[in-house]
Amino acid sequence: MELQKLQKTSSTENSKSFKCEICKDTEVIFCKDEQGRSFVRDCSCKKINDSKRRLARTALANKADKYKLDTYIATEQWQKSILSSAVSFINNFKDNWYYIGGQVGSGKTHICTGITQELSFDYGLSFDYILFNKKMTELKQIKFSNDEDKKEKYRENMQRLFEIDILFIDDLYKIEPSRADLDILFDIINERYLSNKTCIISSEKTIKEIFSYDEAIASRIFEKCGKYAIGISKDMNKNYRLKSLNAI
């Protein structure tokens, strides 16, 4: 019945303009097997559309168009090096993580968002985005609640963070983390470390600086990132947000 409905929809809308002319925006293609039996399969556009829908459900939705690799301004050598590292990571992301830390306003979230979009759209990978302090506060509230429903919600939240293909952690250690924050983060990092799930991490702290918070967490991040642990030296001239200020 569903197949007939899709076929009818496809045949009655031939005169319309579609984003995908192959499937007429149904995201499925009608096929026949060797015995002449009809079946449907996903159109190639479905992978991209699924990624866009996932993106729309995250806090990155309003930054998606602005924060792409091809909109990252790379005029100075340090910017070119960052962009080069991002492209290299995308081509070698399996079993690797990406960490970029340092100067405020230097485009760290931009480059990480660009990487996330490229991986999701090109490979059809699921992803989640968390702003570190906000997510830790949310998780602590439900983890330490006496409400069993909230405790179950905590387990579900954590399981998603364990299993999602790509996890983008933004602004790691923006505010001094509590022991509870570090315990939750360790569970996430360790689980993804053991299962070889990709992490993309931005922070105002360099990779060396995060060792002072928790060595077990930092050492796992450092090992998984390898050459993709990028540090941006602290220099106000590298702060994009100050470029429009008049000199005084």
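**View 1. Strand 6 is covered on both of its faces in this predicted model.** Look at one side of the strand and you will find Thr198, Ile200 and Ser202, all buried. On the other side sit Cys199, Ile201 and Ser203, and these are buried too. Six of the six residues of strand 6 (residues 198–203) are buried, so the rest of the structure largely encloses this strand.

**View 2. Strand 6 pairs with strand 3 and with strand 5.** Strand 3 (residues 98–102) runs parallel to strand 6, and four bridges join the two. To find your way, start at Tyr98, which stands opposite Ile200 in strand 6. Strand 5 (residues 166–172) is also parallel to strand 6, this time over five bridges. Here Leu167 has Cys199 of strand 6 as its bridge partner. Between strand 5 and strand 6 the chain passes through helix 7 (residues 179–194), making a right-handed β-α-β crossover.

**View 3. Helix 7 packs its buried residues against several neighbours.** How far apart should the ends of this helix be? At 1.5 Å a residue, its 16 residues should span 22 Å. The C-alpha atoms at its ends are indeed 22 Å apart, so the two values agree. Among its buried residues are Leu182, Leu185, Ile188 and Ile189. The buried residues pack against helix 5 (132–143), helix 6 (148–163), strand 5, strand 6 and helix 8 (215–225). After the helix comes Asn196, with a positive phi near 55°.

**View 4. Phe89 and Tyr228 make one of the seven aromatic pairs in the structure.** Their ring centres are 5.4 Å apart with 75° between the planes, an edge-to-face pair. Phe89 belongs to helix 3 and Tyr228 to the loop between helix 8 and strand 7 (229–232), so the pair ties together parts that are 139 residues apart in sequence. Both Phe89 and Tyr228 are buried. You have already met Tyr98, which forms one aromatic cluster with Phe89 and Tyr228.

**View 5. Phe211 and Phe222 form another edge-to-face pair.** Why is the pair called edge-to-face? The planes of the two rings meet at 70°, and over 60 degrees counts as edge-to-face. The ring centres are 6.3 Å apart. Phe211 is in the loop between strand 6 and helix 8, while Phe222 is in helix 8, 11 residues apart. Phe211 is partly exposed, with a relative accessible area of 31%, and Phe222 is partly exposed at 44%.

**View 6. Arg220 lies over the face of Tyr193.** The distance to the ring centre is 5.6 Å.

Technical notes
Residues are numbered from 1 along each chain as its sequence is written. This is a predicted model: local features need pLDDT of at least 70, side-chain atom pairs count only at pLDDT 80 or more; totals for chains, interfaces and linings use all residues. Side-chain values use heavy atoms; hydrogens and water are left out. Buried means under 20% relative accessible area, exposed over 50%, partly exposed in between (1.4 Å probe, protein chains only). Two strands pair if DSSP finds at least two bridges between them. A crossover is right-handed if, with the strands pointing away from the viewer, the path from the first strand over the helix to the second runs clockwise. The expected span of a helix is 1.5 Å times one less than its number of residues. Contact means heavy atoms within 4.5 Å. Rings of Phe, Tyr and Trp (its six-membered ring) pair if their centres lie within 6.5 Å; planes under 30 degrees apart count as stacked, over 60 as edge-to-face and the rest as tilted. A charge sits over a ring if NZ of Lys or CZ of Arg is within 6 Å of the ring centre and within 35 degrees of the ring normal.
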